[in-house]
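Here is a brief report on one protein chain. Look at the model first, then read on.

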Amino acid sequence: MLGVKEFYFTGGEPFLHPHIVDILQESLKYGQTTVLSNGTLITEDISQTLAQVSRTSKHKLAFRVSLESFIEEENDQIRGEGAFKMAIRGIQSLTHAGFNPIITVADWSKYGKFTKETAEELQLLERSLNIPQLRLKKLPLVLLGRCAEFVRPYDEGERVTDQCFDNYPMDNLQCTTSRIVTSKGVFVCPILIDDPKAWMGRTLQESLNPYTMESPACYTCRTTGLTCKNEADDAKDAVRKSVNEFYAAAAIQPQKELCCPTSYNAADISHIPLEALNISYGCGSPVTQANIKSGENVLDLGSGGGIDCFIAAKMAGEQGQIIGVDMTDEMLRNANATREIVARNLGYNNVRFMKGFLEEIPVTDECVDLVTSNCVINLSAQKEKVFQEIFRVLKAGGRFVISDIVSDREVPVSMKQDKKLWGECISGAITEAEFFNITRKIGFYGLEIVNRYLYKEVDGFTFYSITARGHKFKKSKECVYTGQYAIYKGPFSNVSDDDGHTYPVGTPIEICIDTAWKLSNPPYEGMFILSGGMQSKDVKTACGPKCC
């Protein structure tokens, strides 16, 4: 009724609550959920449990872990001895579970405190966390509580006035779009839960009146843009609008230098008219590396002029079904015009195109064998949501084969604000590590890089084209053992799978029926000798961190 879109849990420390997992699971039914934690109580078990909760939710679960400094001795001066090591273990537990937490660090430098921070110290933190791309956000100090004692309280002149908001977009202030709900009632923001003047009522409905911004903390929010909020939906919509306009123009006037040149086998495209090839924009050829079988159902995301759909149509044959999804009307018109020519050339029509978004794929659950996309996921501002949708529409055992652009490190804000670079697959690129962290977190297994090559360098940042493959598997609630064993055939001395099972070469390892199914199907098919009946056994055990 009140239009709540996002939920944030903070404290104190949210993980002190004995029912925090249940609370997060409930909030994820209604919207994106973010936990703001000091990390000290986050364990491997909790992280793995929350990863499972996240995989089954249609909304995103995110984490921010706060430090006072990324130098241990400085952090522990404020948080207490041992707090830094505990927080690091918490962050590592989250990353092991597939999350990519933002680490927030207080910026003390303005006040002459904790000035030892250097690039070398940051690299030490990265190595201790073993995170390929550290997501670090510096936050300005709010001179209340311990900070006021450690630095100084606010000066009398550090207050907001009416003039502070002349020609200022008020939605930039957190207090105009959010409230903090506590056991004592609703407050205007989490910074001011100890300030009686910031109490807004006992219910959200009562709290909708404007706040007079009497607190000196409002001065920090106004002058620094301090906020706990995630990226706004209107920013994501702006990206979508910009990309749509960019590719609408490219549908009318071919852009030969757009994205990467792709070479196709002449036999794969012999049935496709030249006009369609001229508006084919991509960074690889996922369909030609997807091993499409006759009769398979294939979904191509960001299908553009339709070339990958038309190649898949020939491979899947008359019994197969190919669906292309794109948001750009001009591209859809071109694709549908070409579809008629392709159908005549093939002698059958098994392709259809639909208007839709990557984040809201307009097809039913578990209806396709294969999802492909060619250099389009980087164009989305909600990549985790895209992969959640891919997981939803794939049948059990289905696969994705995706070509996309990745960066060697996080793309800076200056690039993300460049509309042209968005359209050219630069601004929206994530790192290779983040790509695989997201897909693993969603629940895909057997992840592999099929192809990888240098795309281009922009302002010192290096971008690569990769083609990646992953498979969908829906895990059972329990592991069921029926006396099945797996023997790894080599050539490595041992290998480990996505679930933490290790298989020394030539050694029988007992496995559950879920694992047996996975090892007998792609991408593991043929790597193991599977046998049953070596023991008469039917044991059920709850799945643990090392189980499938």
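The text below goes from the whole chain to a helix, two strand residues and a surface patch.

**Whole chain.** This is a predicted model. The chain holds 16 helices and 23 strands. Of its 548 residues, 48% count as buried. Its accessible surface comes to about 26,500 Å², and carbon and sulfur atoms account for 51% of that. Sequence-distant contacts are counted too: among contacts between residues at least 6 apart in sequence, 72% join residues at least 24 apart.

**Helix α11.** Helix α11 covers residues 329-346. At 1.5 Å a residue, its 18 residues should span 26 Å, and the end C-alpha atoms are 25 Å apart, which agrees. The buried residues in α11 are Met-331, Leu-332, Ala-335, Thr-338, Val-342, Ala-343 and Leu-346. Just after α11, Gly-347 takes a positive phi of about 90°.

**Two strand residues.** The table sets out Thr-462 and Val-181.

| Residue | Strand | Relative accessible area | State |
|---|---|---|---|
| Thr-462 | β16 (residues 461-472) | 10% | buried |
| Val-181 | β6 (residues 180-182) | 54% | exposed |

Thr-462 is buried because its relative accessible area, 10%, falls under the 20% cut-off. Leaving aside residues up to four places away in sequence, Thr-462 touches Val-406, Ser-407, Asp-408, Leu-454, Lys-456 and Glu-457. Val-181 has a relative accessible area of 54%, over the 50% cut-off, so Val-181 counts as exposed.

**Surface patch.** Val-181 also belongs to a nonpolar patch on the surface, formed with Val-4 and Leu-204. Together, Val-4, Val-181 and Leu-204 have about 230 Å² of accessible area.

How values were computed
Residues are numbered from 1 along each chain as its sequence is written. This is a predicted model: local features need pLDDT of at least 70, side-chain atom pairs count only at pLDDT 80 or more; totals for chains, interfaces and linings use all residues. Side-chain values use heavy atoms; hydrogens and water are left out. Helices (H or I, at least four residues) and strands (E, at least two) are DSSP runs, numbered from the N terminus. The expected span of a helix is 1.5 Å times one less than its number of residues. Buried means under 20% relative accessible area, exposed over 50%, partly exposed in between (1.4 Å probe, protein chains only). Contact means heavy atoms within 4.5 Å. Patches are made of residues with over 30% relative accessible area and no salt bridge: like charges are joined within 9 Å, nonpolar side chains (Val, Leu, Ile, Met, Phe, Trp, Tyr) within 5 Å. Accessible areas come from the Shrake-Rupley method with a 1.4 Å probe; for residues, only the protein chains shown count as cover. A salt bridge is a side-chain nitrogen of Lys or Arg within 4 Å of a carboxyl oxygen of Asp or Glu.
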